[in-house]
Amino acid sequence: MLRFLLGRLAVLIPTFIGVSIIAFSFIRLLPGDPVALLSGERVMSPERHAQISHELGFDRPMITQYLDYLGGVLSGDFGTSIVTKSSILDQFFVLFPATVELSVCAIILAIVLGIPAGIFAAIKRGTLFDQTIMGTALVGYSMPIFWWGLLLIILFSGILQWTPVSGRISLMYFFPPVTGFMLIDSLLSGQSGAFKSAVSHLLLPTIVLSTIPLAVIARQTRSAMLEVLGEDYVRTARAKGLSPFRVIGVHALRNAMIPVVTTIGLQVGVLLAGAILTETIFSWPGIGKWMVDSVFRRDYPVIQGGLLLIAGIIMVVNLIVDLLYGLINPRIRR
Amino acid sequence: MIRKLTFAAALMAATVLSSAASAKTFVYCSEGSPEGFDPGLYTSGTTFDAAAHTVYNRLLEFKPGTTETEPGLAESWEISDDGLQYTFKLRPGVKFQTTEFFTPTRDLNADDVIFSFERQFKADNPWHQYVAGAAWEYFNGMGFPDLISSIEKVDDMTVKFTLKEKEAPFLANVAMPFASIMSKEYADKLAADGKMNQLNQMPLGTGPFAFVAYQQDAVIRYKANPDYWNGKQKIDDLVFAITTDAAVRYQKLKAGECHLMPFPNAADVEAMKADPNLKVVEQEGLNIAYLAYNTTQAPFDKVEVRKALNMAINKQAIVDAVFQGAATPAKNPIPPTMWSYNDAIQDDKYDPEASKKMLEEAGVKDLSMKVWAMPVARPYMLNARRAAELIQSDFEKVGVKVEVVSYEWAEYLERSKAKDRDGAVILGWTGDNGDPDNFLHTLLGCDAVGGNNRAQWCNEEFNKLVVQAKTTSDQAERAKLYEQAQEVFKREAPWATLDHSLSVVPMRKEVEGFHQSPLGDFAFEGVDLAE
């Protein structure tokens, strides 16, 4: 197990360096000059442009800039935003809990609904039930998130007025963040109604963000189940006279879960990508929106620092999934 | 369970506004996060709305809803006979805000004014580089480093600015957000505590609203400043609910989650006007879109040719196609909301037949030309490509062949400046300080040829008028000069003036006392909510 763990960790290092190079260079490939953008539509004189570029260190050779950035990251300094002038790590820790809260709720919803839907579709293979579930999953998978989010807002917030339109909590509640997780902070605040308000604000974004992972998990569970249900040991279990619940719930499901767990792990990346759009629609102050704004402002330090932090988290989650995978399926460890 | 919760949420959402109204909380669905809270560091309107118009004041202020200035923190001022010295007498008894993070011990005085300006231009001022790469872009963009010779404290309540040359727009410039007056006492405290960065995060000024808290990308909270020199506000709390998507802002406005929103989608405006809970105000923005001929190149060096082409353009069609009506055709190079706008001027009539005849008379035959279309959408021109195509078909009707060209934005700005440029350029301008000089001299003066003057047009008569106006202190006199300058402009036609886009502001019916600013600001001093 230790060897397996060390092996996985060894792979992380080149991946991390690769991501840092991509984060650093891709943003510089985009047309648009961060220094010129600072002056908006006003034309900046070439002398001032040169002076500010120098102050921000953009006039140094690329390789020096990159090594500086890498050196900073290794010593825990992710730099300072050239727009807001505040520390990138500080901003990240303010915004990240919002994204985590939303993503965790979304993935829980996706698992809770997706796995049973997949199992039943597999058991009832070929029936109307199966076709309905798989058809819905396909629609969910192909849904443009932006459109879907807006549609839900117009229906539930606009017409039915069941849920608030956007934000994390009603503006009448105001308390300093403790953990950054609104569900927890609203309980800690002791203000009555705050928790309910936080939950009601979470509903629509959670549904929107979970749509794609839900569809993927349902489809993956169904196909894994179908494969496993045809295996010899399932037939044996049935022949032994075990109850259908035991056959499916214990013998089949445990084996079918292996690819599903991998899929769920991979959804973390999908969630973060989906969060960019979901957060924008629902004015959810998370890292997705932060990244998009920074790209528009060509805020190089934020983009390269933020991307690295996000990639680091995805890598860690995938590592954990790999380890879990190893626990479920001992063969992998060899 | 979920159903129960959503009903609870519905109930709550419905009560938000009513409870907000009893506490008099005004919620503004702002379009984005401020970059920071030091208005000197930034150039975007979003940042100015969040910092400059709430927390701070300036020596002079723009009269709500106009581009004219009025006394602000300066109660009065004197201009020396040579026009080089401006002496501002400060308003006595102006208190800085008392907040949870700072309690001031003294009132506003000359030190605060000097600090607010010196940090922007004296490289040896400890605050000049208090954040990395502080560009002080507006201070530099308005030419202050070359304009200001010195700022002196005459006494505790008097400050004297000495300029290197005459500059009548100076008074309008010191009313701009970058010239906001900060507390030196607060800054000194931050410096002593080693927390200079906080000046850009937790602002403290003399303005109508005191800063309470900012949750990044989510909410900014202010409370009314009880010591405000211009009277306490009628609302108790001001909240900016940051909502980047225009369609979502509209839903929030409809649901009563906010009282006022900026920048609606053009497609939603009709429905907003029809909604009995909402009202919509609109006016021309402080902008102009134009087609600039190169007046140094034949045949565009002839006035008759330029006039004839102007008469061939169907501006209304451009406004309809590009803005769906959210703009007005322009006849002058400055917008109608600006003082000195000459409304007596008659626009060149859209008349393709007359245009064709005039071209023939000018001896122009088989003319083919380029029309440059900007690659980006700007407030004054949402789709330059579409506008260029309409102009192309208009010109074809009078026998002029047009090739539409475009370049990457930075390249476009650079290449279009060239004196030997080939073709007419679509471009525009959004004003900074509401002063006509900022349009007429900046865009059409002889100094700007090879730069902002894309028509490469140096007309002696026009230039004399705008230079004289720039160095005249009396506003009525200046207005006359600018009115004459607009006549010369119309007669000489260096541009085809295309449009002024409208700024549309939807709000809840109960909002009172909001003045739509021609400068594009969203300022909430004096707003109220009807019971």
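Helices, as counted here, are DSSP runs of H or I at least four residues long, numbered from the N terminus. The model on screen is predicted.

**Stop 1: chain A**

Select chain A and colour by secondary structure. From the N terminus on, its elements run α-α-α-α-α-α-α-α-α-α-α-α-α. The tally for chain A is 13 helices and 0 strands. Orient the view on the principal axes: the C-alpha atoms of chain A fill a box of roughly 85 × 55 × 40 Å. Of the 334 residues in chain A, 37% count as buried. If you draw a contact map of chain A and keep pairs at least 6 apart in sequence, 73% of those contacts join residues at least 24 apart.

**Stop 2: chain B as a whole**

Now hide chain A and show chain B. Here the secondary structure comes to 17 helices and 19 strands. The C-alpha trace of chain B spans about 75 × 70 × 40 Å along its principal axes. How does the radius of gyration of chain B stand against that of a compact globule? Chain B has 25 Å, which agrees with the value near 24 Å for a compact globule, because that is what the rule gives for 531 residues. Buried residues make up 51% of the 531 residues of chain B. In its contact map, of the contacts between residues at least 6 apart in sequence, 69% join residues at least 24 apart.

**Stop 3: the two domains of chain B**

Colour residues 25-242 and 510-529 of chain B as domain 1, and residues 287-503 as domain 2, following the domain assignment. The C-alpha centres of these two domains of chain B lie 35 Å apart. Where they touch, 17 residues come from domain 1 of chain B and 16 residues from domain 2 of chain B. On the domain 1 side of that contact, the residues divide by class into 9 nonpolar, 5 polar and 3 charged.

**Stop 4: a four-stranded sheet in chain B**

Select E1, E8, E9 and E10 of chain B. They make an open sheet of 4 strands in the order E1-E10-E9-E8, with mixed pairing. Which strands stand at the edges? Strand E1 (25-28) and strand E8 (209-215) of chain B do; each has a single partner strand, so one side of each is left without a neighbour in the sheet. From one strand to the next, the twist averages 20°.

Zoom in on the pair E1(B) and E10(B), which runs in the parallel sense over 4 bridges. Label Thr25(B): its bridge partner in E10(B) is Asp237(B).

**Stop 5: a hairpin in chain B**

Move to residues 148-155 and 158-163 of chain B, which are strands E6 and E7; they pair in the antiparallel sense over 6 bridges. E6(B) and E7(B) form a hairpin, with 2 residues between them. Show side chains for Ile151(B) and Phe161(B): Ile151(B) stands opposite Phe161(B), which belongs to E7(B).

**Stop 6: where the chains meet**

Bring chain A back. How many residues of chain B are in contact with chain A? The contact takes 49 residues of chain B and 49 residues of chain A. On the chain B side, the elements that give two or more residues are helix H1 (2-22), helix H4 (137-141), strand E9 (219-224), strand E10 (237-241) and helix H8 (246-254). Select H1(B) to see the largest share of that side, 12 residues. Coloured by class, the residues of chain B that touch chain A divide into 23 nonpolar, 17 polar and 9 charged.

Technical notes
Residues are numbered from 1 along each chain as its sequence is written. Chains are lettered from A and ligands numbered from 1 in the order in which they are written. This is a predicted model: local features need pLDDT of at least 70, side-chain atom pairs count only at pLDDT 80 or more; totals for chains, interfaces and linings use all residues. The radius of gyration is taken over C-alpha atoms; the globule rule is 2.2 Å times the number of residues to the power 0.38. A residue is buried if 20 or more other C-beta atoms lie within 10 Å of its own, exposed if 12 or fewer, and partly exposed in between; C-beta atoms are placed from the backbone. Two residues are in contact if their C-beta atoms, placed from the backbone, lie within 7 Å. Domain bounds come from an automatic or database domain assignment. Ala, Val, Leu, Ile, Met, Phe, Trp, Tyr, Cys and Pro count as nonpolar, Asp, Glu, Lys and Arg as charged, and the others, Gly among them, as polar. Two strands pair if DSSP finds at least two bridges between them. Axes are lines fitted to C-alpha atoms, for helices over the stretch in contact, and angles run from 0 to 180 degrees between N-to-C directions.
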